[in-house]
Amino acid sequence: ILVTDQAMPGITGIELAGAARALRPGLPVLLVSGFSDLEPGDDIHLLAKPFRHAELATAVAGLLRVATAP
């Protein structure tokens, strides 16, 4: 899975997800962002900042289940 922030120097998390999926189609993506109005679409899961460690763990576990499902 790819876990990335939305706001980064020179590239957004959504752009990074697109580039990563060009190399690995179907890659599960968790986008972390403090922008409440962000709509990542394209099957990108969003975790809003601030979040607790347990929320991050739950989100990652869910994506891992999907990624490893037969």
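**Figure 1. The largest nonpolar core of the predicted model comprises eight residues**. The members of this core are Leu2, Ala17, Ala20, Leu27, Val29, Leu31, Leu38 and Ile44. Helix 1 and strand 4 each contribute at least two residues to the core. The model shown here and in the following views is predicted, not experimental. In soluble globular proteins, nonpolar side chains tend to be buried together.

**Figure 2. Three strands form an open sheet with parallel pairing**. The strand order is 1-4-5. Strand 1 (2-5) and strand 5 (44-48) are the edge strands, each of them pairing on one side only. From one strand to the next, the twist averages 25°. Strand 1 and strand 4 (residues 29-33) run parallel and are joined by four bridges. In this pairing, leucine 2 has valine 29 of strand 4 as its bridge partner, and threonine 4 has leucine 31 of strand 4. Strand 4 and strand 5 also run parallel, with five bridges between them.

**Figure 3. Helix 1 and helix 2 pack on the strands of the sheet**. Helix 1 (residues 13-23) lies across strand 1, strand 4 and strand 5, and the helix runs at about 155° to strand 1. Helix 2 (residues 53-68) packs on the sheet and touches strand 1, strand 4 and strand 5. The direction of helix 2 makes about 155° with that of strand 4.

**Figure 4. The buried residues of helix 1 line one face of the helix**. These residues are Gly13, Ala17, Ala20 and Arg21. Viewed down the axis of helix 1, the buried residues fall within an arc of 95°, and therefore they line one face. They pack against strand 1, strand 2 (7-8), strand 3 (11-12), strand 4 and strand 5. Ala22 and Leu23, on the other side of helix 1, are exposed. Of the buried set, Ala17 and Ala20 are also listed in the largest nonpolar core.

**Figure 5. Strand 4 is mostly covered**. Five of the five residues of strand 4 are buried. Val29, Leu31 and Ser33 point one way from the strand, whereas Leu30 and Val32 point the other way, and all are buried. Val29 and Leu31 are among the residues of the largest nonpolar core.

**Figure 6. Leucine 31 is in contact with residues from several parts of the chain**. Apart from its neighbours within four places in sequence, leucine 31 contacts Thr4, Asp5, Gln6, Gly13, Ile14, Leu38, Pro40, Ile44, His45, Leu46 and Leu47. Across the sheet, leucine 31 is the bridge partner of threonine 4 and stands opposite leucine 46 in strand 5. Leu38 and Ile44, both in contact with leucine 31, belong with Leu31 to the largest nonpolar core.

**Figure 7. Valine 32 and serine 33 are buried positions in strand 4**. Valine 32 has a relative accessible area of 7% and is buried. Not counting residues up to four places away in sequence, valine 32 touches Val3, Thr4, Asp5, Gln6, Leu47, Lys49 and Phe51. The C-alpha atoms of valine 32 and alanine 7 are 8.9 Å apart, although the two residues are 25 residues apart in sequence. Serine 33 is buried, with a relative accessible area of 2%. With the same sequence neighbours left out, serine 33 touches Asp5, Gln6, Leu38, Leu46, Leu47, Ala48 and Lys49. Asp5 and Lys49 are among the contacts of valine 32 and also among those of serine 33.

**Figure 8. Aspartate 5 and lysine 49 form a salt bridge between their side chains**. The N to O distance is 2.6 Å, and the count of salt bridges comes to one. The pair links distant parts of the chain, 44 residues apart: aspartate 5 lies in strand 1, and lysine 49 lies in the loop between strand 5 and helix 2. Aspartate 5 is partly exposed at 25% relative accessible area. Lysine 49 is also partly exposed, at 39% relative accessibility. Side chains of opposite charge can pair when their charged atoms come close.

**Figure 9. Glycine 62 is a residue of helix 2**. Its relative accessibility is 19%, so glycine 62 counts as buried, the cut-off being under 20%. Glycine 62 and glycine 26 are 36 residues apart along the chain, and their C-alpha atoms are separated by 15 Å.

How values were computed:
Residues numbered from 1 in each chain as written. Predicted model: local features only at pLDDT ≥ 70, side-chain atom pairs only at ≥ 80, totals over all residues. Heavy atoms only, no water. Pairing = 2+ DSSP bridges. Axes fitted to C-alpha atoms, helices over the stretch in contact; angles between N-to-C directions. Contact = heavy atoms within 4.5 Å. Core = buried A, V, L, I, M, F, W, Y, C linked by side-chain atoms within 4.5 Å. Buried < 20%, exposed > 50% of the residue type's maximum accessible area, 1.4 Å probe, protein only. Salt bridge = Lys/Arg side-chain N within 4 Å of Asp/Glu carboxyl O. Arc of directions from axis to C-beta.
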